[in-house]
Amino acid sequence: MSSAHMQIGEVAARTELSLRTIRHYEETGLVTPSARSQGGFRLYTEADVARLRVIRRMKPLGFSLDEMRSLLDATDRLDSGDALSPELRDALLERIRDFERAARQRVETLRTQLARAEEFAADLAERLAPAATPTP
């Protein structure tokens, strides 16, 4: 086996995704192993790992599988080296810009939710503080 290929276990460790999750993304068409070993094991490349990292980063922001597929399609086409018409290139770049704007908005929403959650946890800790002090 070439050192350029990794089995699914190594990919799982490098991407912090479970084997089950990687297989699910394969079943839904978000990622395809670059090769198979003679024994039939999935083999992945650095490009596959990078793709899975994009998916992993999109997931907590609430992007759907279809949205992930749309972004990956745009980046794949731009990175393919194929000749693209200026119109198509502009449309693909605009799609990526839309995702960038959506990601920033979702990150801001998560920051607000986190701040509220931290305030709540602090309120609970404050409420418990007098109970933790022994009374004489």
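Is R101 buried, partly exposed or exposed? R101 is partly exposed, with a relative accessible area of 42%, where buried means under 20%, exposed over 50% and partly exposed in between, computed with a 1.4 Å probe on protein chains only. The model is a predicted one, in which local features need pLDDT of at least 70 and side-chain atom pairs count only at pLDDT 80 or more, whereas totals for chains, interfaces and linings use all residues. Residues are numbered from 1 along each chain as its sequence is written, and side-chain values use heavy atoms, with hydrogens and water left out.

Keep R101 selected and add E94, with which R101 forms a salt bridge whose closest N and O atoms are 2.8 Å apart; a salt bridge is a side-chain nitrogen of Lys or Arg within 4 Å of a carboxyl oxygen of Asp or Glu. Add D98 next, since its side chain meets that of R101 in a salt bridge of 2.4 Å, N to O. Salt bridges that share partners join E94, R97, D98 and R101 into one network. Within this network, E94 also pairs with R97 at 3.2 Å between the closest N and O atoms.

Now select F63 and F99, which form a tilted aromatic pair, 5.7 Å centre to centre with 50° between the planes. Rings of Phe, Tyr and Trp (its six-membered ring) pair if their centres lie within 6.5 Å, and planes under 30 degrees apart count as stacked, over 60 as edge-to-face and the rest as tilted. F63 lies in the loop between α3 and α4, while F99 belongs to helix α5 (residues 86-132), 36 residues apart; helices (H or I, at least four residues) and strands (E, at least two) are DSSP runs, numbered from the N terminus. F63 is buried at 7% relative accessible area, and F99 is buried at 12%.

Move on to α2 and colour I22, Y25 and E26, its buried residues. They cover an arc of only 105° around the axis, so they lie on the same side of α2, the arc being that of the directions from the helix axis to the C-beta atoms. On the face turned away from this buried side, look for the exposed residues R20 and E27.

Finally, show the largest nonpolar core, which has 20 residues, with V11, I22, Y25, L52 and I55 having the most contacts inside it. Such a core is a set of buried Ala, Val, Leu, Ile, Met, Phe, Trp, Tyr and Cys residues joined through side-chain atoms within 4.5 Å.
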